Amino acid sequence: MALHGLALPPWVVLCAARTRPATKVAPTTRPAGQPSAPCFPYSLSLAAAARTTQAPVAVGVVVSSSDPCAASAAVGKEEEAAPKVDELKLLGTWRGPFALRVALALNFKGLSYEYQEEDLGNKSDLLLESNPVNKKVPVLIHNGVPICESLAILEYIDEVYAGRGPSLLPADPYQRARARFWAAYIDNKLVAPWWKMFTGKTDKEREEGMKQTLTAMETLEGALKECSKGKPFFGGDDIGYLDVVMGGMVAWIQGTQELCGVKLLDTGKTPLLLEWMERFGGLHPAKVVLPDVARLVEFANMKRAQKALI
C-alpha cells in the first residue's frame with residue numbers, strides 16, 4: 001500500500017531491493033603498532049610455550065557495492081574483527097621494589113608498555129589523578145584505566161593476559177591461595193622489617209628490623225623448597241607469582257651488606273634462595289629491569305643522609 005506524500009530516499013529503496021551482486025573486500029590487515037605474538041628471550045617449558053597465542057587477524061567481509069545498508073553492516077563487522085591495540089603505561093621508580101614487580105611481570109609476559117619515572121618529591125598530576133587515595137607508585141594504566149597496588153596489578157596482568165607468557169598464579173585454588181599467603185608474608189615480614197633495619201632512628205629499632213629480616217629469609221628458604229619441589233623457581237619450571245613478588249627485592253637484598261652491614265643470604269642457611277636469586281637475576285627479562293646494585297647503594301645512602309624519600 002502506497003503512502004501518499006511520503007518520499008522515500010533512494011538508499012531505502014536500494015536496501016529493500018538488494019538487486020546487485022555482492023563483491024568481496026580484501027581482508028583487513030593488522031593496524032600499525034599492533035604488538036606481535038610475544039617473544040620470550042629465556043627458555044620456557046613446553047607447557048608454557050604452548051600457552052602463548054598469536055594476535056587475531058581480521059577476516060574479509062562481503063559488501064554490496066550499491067547497498068549502503070549492507071556496507072554499513074560490513075564496516076561494523078570489520079571493526080569488530082580488527083584487533084585492538086592495548087595501551088599500557090606504568091608509573092613507577094627505577095629502584096622501587098613494588099614498581100619493579102610490575103615491570104618484571106610485564107617483561108615476562110612479553111608485553112609492550114610505556115614507562116613514566118616518578119619523582120616522589122614532586123609527584124606528577126597523572127599519578128595523583130590515577131591513585132588519589134594513596135598517591136603512591138606503582139600504577140598501571142590500561143587503556144586509560146588505572147590499577148593500583150603491586151599485588152593487585154600482578155593478578156590483573158595475569159588475568160587479562162592469560163594467554164601470554166607464563167601463568168603467574170597457579171590454576172589450582174589451593175596453590176593459588178598459598179601463593180597469595182607467601183606474597184603477603186614477603187610484604188609484611190621481609191620488606192617492612194628490612195625498611196626498619198635501613199631507616200630505623202635508633203640502634204634498637206635497626207637491630208630489631210635486622211632480626212626480623214633474617215628470620216624472614218630463613219622462613220622463605222623453606223617456602224621456596226616447598227613451592228618449587230626441587231625445580232628452579234617458586235613457580236616450578238617457570239616463573240610464577242612469588243618469583244616476581246620476590247624479584248622486586250633482588251637488588252636490595254644484594255646491596256644490604258653494604259647498606260646495613262648485614263649479609264642476608266649465604267650457602268649455610270639459605271642455599272636455595274641464593275641459587276634462586278642468581279638464576280632469576282640472570283634471566284633477560286629481569287636483567288633489563290633490575291637496577292645496578294652499586295648505583296642503588298649510592299642512591300640509597302644519599303637519600304638516607306638527606307632523610308628524603310627513596
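Proline 232 touches Asp237, Trp276 and Arg279, leaving aside residues up to four places away in sequence. The model is predicted. This briefing covers the surroundings of proline 232 and then a sheet with a helix packed on it.

**Proline 232**

- Proline 232 lies in the loop between helix H8 (203–228) and helix H9 (241–247).
- The relative accessibility of proline 232 is 29%, so this residue counts as partly exposed; the partly exposed class lies between the cut-offs of under 20% for buried and over 50% for exposed.
- Phenylalanine 280 is 48 residues from proline 232 along the chain, and 8.9 Å separates the C-alpha atoms of the two.

**The four-stranded sheet**

- Four strands form an open sheet in the order S4-S3-S5-S6, and the pairing is mixed.
- Strand S4 (114–117) and strand S6 (145–148) stand at the edges; each has a single partner strand, so one side of each has no neighbour in the sheet.
- From one strand to the next, the twist averages 20 degrees.
- In general, strands of a sheet pair through backbone hydrogen bonds, in a parallel or an antiparallel way.

**Strands S5 and S6**

- Strand S5 (residues 139–142) and S6 run antiparallel and are joined by four bridges.
- Isoleucine 141 has proline 146, in S6, as its bridge partner.

**The helix on the sheet**

- Helix H4 (residues 97–108) packs on the sheet, where it touches strand S3 (88–92) and S5.
- The direction of helix H4 makes an angle of about 155 degrees with that of S3.

Definitions and conventions: Residues numbered from 1 in each chain as written. Predicted model: local features only at pLDDT ≥ 70, side-chain atom pairs only at ≥ 80, totals over all residues. Heavy atoms only, no water. Helix = DSSP H or I, 4+ residues; strand = E, 2+ residues; numbered from the N terminus. Buried < 20%, exposed > 50% of the residue type's maximum accessible area, 1.4 Å probe, protein only. Contact = heavy atoms within 4.5 Å. Pairing = 2+ DSSP bridges. Axes fitted to C-alpha atoms, helices over the stretch in contact; angles between N-to-C directions.
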